[in-house]
Amino acid sequence: MTAATIWGAFLAFVLYNIHDKVGTEALLLGIGYFVGVVVGLYLLYAVMIFTWWEKDFSGQRLERRKAACPSNKQPPNVKSFEENNKKILEHANAHEQFDSCQLIHGRKDVASVTKENTVFRERIMRRNSMTPCHPPSRFGSIMSIEQEIGSLSKETASKLDMDHVYIPFWQYLWGLTFIGPMSMFLWWKGTMFLQIRTNLVKWGILKVKPCDIEALIGKLCLEQSQAIHFYAKSKLDNKTSTIGCLFFADFPYVDINCKPQTADIFAVDINLDTKRFVKGKLDDITLTASETLILLWFNTIAAQHVKLHALANWGLNSDTTVKEVNPFLHRNSVVTTLYNYFGYSTFHGFMEKWEKMGLLSVGWDPDAWVACVNHGIQENIWQHTNIEELVKYSEFVDFVVKVRAIFFSEFAKFKNYFPGVHGEAMFVGTVLHSLDHSLMDWNLEDPLWLDVDCPKFGKMAEIGRIVKVGFVKDVPFLYFHKRFKGSGHPFYDSVYEKAAKINKKFADNMDTCIIK
């Protein structure tokens, strides 16, 4: 028996009993008053929502068709491996404890070899028109001259931008009706339980589940999107174990005084055979495992994951013309636009409330959070062709490398259903983004493993706990479909069918839009 059936039966029972006592006329009058009150309250809510939309969207943003819209241009190029390598070497040379690092100085300084040939690049390249062909076809359609030329630029954008796409008021109202309250419920419930658990642990009533922190660090390095910071691996000092290192140049963080800082270099060594933490360093500081965990988690939520959100803007199309031929893409695009807005423009506005709840220290500066987020977005994405060296050590990397090829192959077949959509950006905003969330949730089982009493990095642990409980899991009570699995759309179904043969658990958690 479904929930709808149960509620229907309950409502029928209530109405039947009320009818016996008050009669038909009074019952209808009561229902009319109730409906009137609900409609009136919703209209007041809509007026309030309109003021928000007018402030944040009307006159502030542009449709992707407009030349001044950041994602009207092609996505920014990834930063080259050579540029990243040069920066890492320069920053490492400034700190004595990196002088003996064999993983830096033992790597040959050679140009990286790209594996994407011309055919591969053409598969993911977008059509420059936002307007669909009529009718769209897997095998090509006759396009008008306007559709062939398109309104999108062939120039390349200089940087990523997480929150800039325009949507009209009615789409904004729909989102604030059917997504916003559900998202707020998720973080409200999560922070309330976090507050209760924190106090119960403080009073000695509950105990925190034991944490194998060295194994957890291994997961955060190998089984999340920040695996792209993998730099090199080697069997050091003739030992049998293979050590891999992740390097983060120009690493943003928040210090104990709630001030944004940028370290020259953050490095984490992992035993790739055991998938356990070996050592961590931040400039001239040798880090403990607990400190390394805080920095990795903060980087995930503040600087790394936001890159996926930003690039996703080049993989959507919420133009009204696309709604007729691909309504699933249209809705996914509206949802992604809204969630990028929620994550960038509204998140820091809740920090004062969390401070009052005691989950953040007094004086936790929202500007420090925004500075780190902006740093992560502006740093763009580094070329990471060497990540394939992790395939045998990482379930996540193995899956992404294989499914990425599948995704692009299918995208090439169905490209006419996705006008104006860049294949790589769409892959990042769907498959990669949703798996990053799922793995964040699976990896960090307990937010209390982040040490808020850490004398150096405790402030980051505080916000890290909140993000874990309120912004990582699936949003509840959504009425629309948001998975590749069971989408009913030929492209998404085809990708899912092939991906499920590689790893069904991962494939089952692939979302078709950014909705968390």
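**Figure 1. Cys 245, a buried cysteine in a predicted model**. Cys 245 has a relative accessible area of 0%, so it counts as buried. Cys 211 is another story: its relative accessible area is 31%, which makes this cysteine partly exposed. How many disulfides does the count come to? The count is zero, going by a cut-off of 2.5 Å between cysteine sulfur atoms. For the record, a disulfide would be a covalent bond joining the sulfurs of two cysteines.

**Figure 2. The whole protein, to set the scene for the close-ups**. Here we have 19 helices and five strands. Of the 516 residues in the protein, 53% count as buried. If you take the contacts with a separation of 6 or more, 77% of them are between residues 24 or more positions apart. On the outside, the protein exposes about 23,700 Å², and carbon and sulfur atoms supply 59% of that area.

**Figure 3. Inside the largest nonpolar core**. This core has 103 residues, and the members that touch the most others are Trp 369, Ile 463 and Met 510. Which helix gives the core its largest share? That would be helix α10 (residues 289–312), with 13 residues. A second core sits apart from this one: it has 27 residues, among them Leu 173, Trp 174, Phe 342 and Cys 513.

**Figure 4. Ile 463 and the residues around it**. Skip the neighbours within four places in sequence, and Ile 463 still has plenty to show. Three tryptophans are in contact with it, namely Trp 354, Trp 364 and Trp 369. Phe 298 and Phe 347 also make contact with Ile 463, as do Ile 301, Met 351 and Leu 360.

**Figure 5. A nonpolar patch on the surface, with Val 39 as a member**. Ile 31, Val 35, Val 39 and Leu 43 make up this patch, which comes to about 320 Å². Val 39 belongs to helix α2, which runs over residues 24–56. Is Val 39 buried or partly exposed? Partly exposed, because its relative accessible area is 43%.

**Figure 6. Leu 206 in a loop between two helices**. The loop in question lies between α8 (180–202) and α9 (213–222). With 35% relative accessibility, Leu 206 counts as partly exposed. And what does Leu 206 touch, once residues up to four places away in sequence are left out? Leu 200 and Val 201.

Methods. Residues numbered from 1 in each chain as written. Predicted model: local features only at pLDDT ≥ 70, side-chain atom pairs only at ≥ 80, totals over all residues. Heavy atoms only, no water. Patch = residues over 30% accessible without salt bridge, like charges linked within 9 Å, V, L, I, M, F, W, Y side chains within 5 Å. Areas by Shrake-Rupley, 256 points an atom, 1.4 Å probe, with all protein chains shown as cover. Salt bridge = Lys/Arg side-chain N within 4 Å of Asp/Glu carboxyl O. Helix = DSSP H or I, 4+ residues; strand = E, 2+ residues; numbered from the N terminus. Buried < 20%, exposed > 50% of the residue type's maximum accessible area, 1.4 Å probe, protein only. Core = buried A, V, L, I, M, F, W, Y, C linked by side-chain atoms within 4.5 Å. Contact = heavy atoms within 4.5 Å.
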